[in-house]
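Student: I am new to this structure and would like a close look at a single part of it. Could you take me through that part slowly, and then show me how it sits within the whole?

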Amino acid sequence: MPRPLTKRWPATTLTGRTIAFLVAPYGVEQVELTSPWQAVAESGGTPRLLSTAEGRVQAVRHRALGDTFAVDVTVAGADPADYDGLVLPGGVANPDRLRLDRPAVAFVHGFCAAGRPVAAICHAAWTLIEADAVRGRTVTSWPSLRTDLVNAGAHWVDEPVHVCHDGPGVLVTSRKPDDLPLFEDAFVTEFAHATTKRRKWPW
């Protein structure tokens with residue numbers, strides 16, 4: 001997933017860390033997948049693409065079809081303990097599909113409950129709401145999700161990126177693709193400093 005940006009992180013920042021990217025088979029906003037993916041790779045981490053089905057996922061560029069990307073692991077068979085961080089890209093259709101998939105919601109819920117670091121951008125907060133992962137947290141998102149987040153118990157702020165430590169694990173959120181540089185700087189830093197324990201998930 002190439003991205004023509006200058007490296008902004010030391011090559012060893014995420015060395016030895018595996019970062020999950022969870023998307024639906026259709027509808028992820030392409031740049032919100034490819035740009036953070038490249039940020040993880042550039043900083044020495046190993047990105048892995050999770051989805052609700054095997055094969056390839058279809059990305060979009062706003063309303064137009066984008067590229068397709070190969071799925072590494074189906075989320076139904078994924079263990080949160082195998083990953084050191086989770087990135088939830090946006091796109092309207094993508095989180096709308098994920099929040100209807102029970103294994104996807106269970107994975108996100110388990111990840112957050114275990115205190116592992118999570119980063120979500122744009123409409124991805126819908127999946128966090130379904131996973132009951134925003135109650136008592138301060139977050140940002142695409143503006144139209146404000147009421148949904150407030151009703152789910154979150155405190156919503158209009159900021160390019162917000163890092164919330166008031167919970168089991170750090171939660172990094174951003175509003176839109178224009179915020180990607182700040183979003184990536186924030187989550188790479190937080191993922192690099194997070195302490196996670198590798199253990200099998202009890203389900």
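**A close look at Leu 88 and its surroundings**

Tutor: Leaving aside residues up to four places away in sequence, Leu 88 touches Leu 22, Val 108, Val 118, Ala 119, Ala 120, Ile 121, Ala 124 and Leu 128. This is a predicted model, and what follows should be read with that in mind.

Apart from the core around Leu 88 lies another core, which has 26 residues, and Leu 33, Leu 49, Val 170 and Phe 191 are among them. The largest nonpolar core has 34 residues, and those that touch the most other members are Leu 22, Leu 50, Leu 86, Leu 88, Phe 107 and Leu 128. Two or more residues of this core come from each of strand S1 (18-22), strand S7 (85-88), helix H3 (102-113), strand S8 (118-121) and helix H4 (125-130). Of these elements, H3 gives the most to this core, with 6 residues. In soluble globular proteins, nonpolar side chains tend to be buried together.

Leu 22, one of the residues that Leu 88 touches, also leads to another place worth following, because Leu 22 is among the contacts of Ser 51 as well, and Ser 51 is buried, with a relative accessible area of 0%. Ser 51 belongs to strand S3, which covers residues 46-51. Not counting residues up to four places away in sequence, Ser 51 touches Leu 22, Val 23, Ala 24 and Pro 25, and also Val 57, Val 71, Val 73, Thr 74 and Val 75. Ser 51 and Pro 103 are 52 residues apart in sequence, while their C-alpha atoms are 9.9 Å apart in space.

The whole chain gives these details their setting. The protein chain contains 6 helices and 12 strands, and 56% of its 203 residues count as buried. Of the contacts with a separation of 6 or more, 70% are between residues 24 or more positions apart. The C-alpha trace spans about 40 × 40 × 35 Å along its principal axes. A compact globule with 203 residues would have a radius of gyration near 17 Å, and the protein chain, with 15 Å, agrees with this.

As for the surface, the protein chain exposes about 9000 Å², of which carbon and sulfur atoms supply 52%. Its charged side chains comprise 21 positive and 22 negative ones, and the centres of the two sets lie 3 Å apart.

Definitions and conventions. Residues numbered from 1 in each chain as written. Predicted model: local features only at pLDDT ≥ 70, side-chain atom pairs only at ≥ 80, totals over all residues. Heavy atoms only, no water. Helix = DSSP H or I, 4+ residues; strand = E, 2+ residues; numbered from the N terminus. Rg over C-alpha atoms; globule rule 2.2 N^0.38 Å. Buried < 20%, exposed > 50% of the residue type's maximum accessible area, 1.4 Å probe, protein only. Contact = heavy atoms within 4.5 Å. Areas by Shrake-Rupley, 256 points an atom, 1.4 Å probe, with all protein chains shown as cover. Lys, Arg positive; Asp, Glu negative; His and termini not counted. Charge placed at Lys NZ, Arg CZ, Asp CG, Glu CD. Core = buried A, V, L, I, M, F, W, Y, C linked by side-chain atoms within 4.5 Å.
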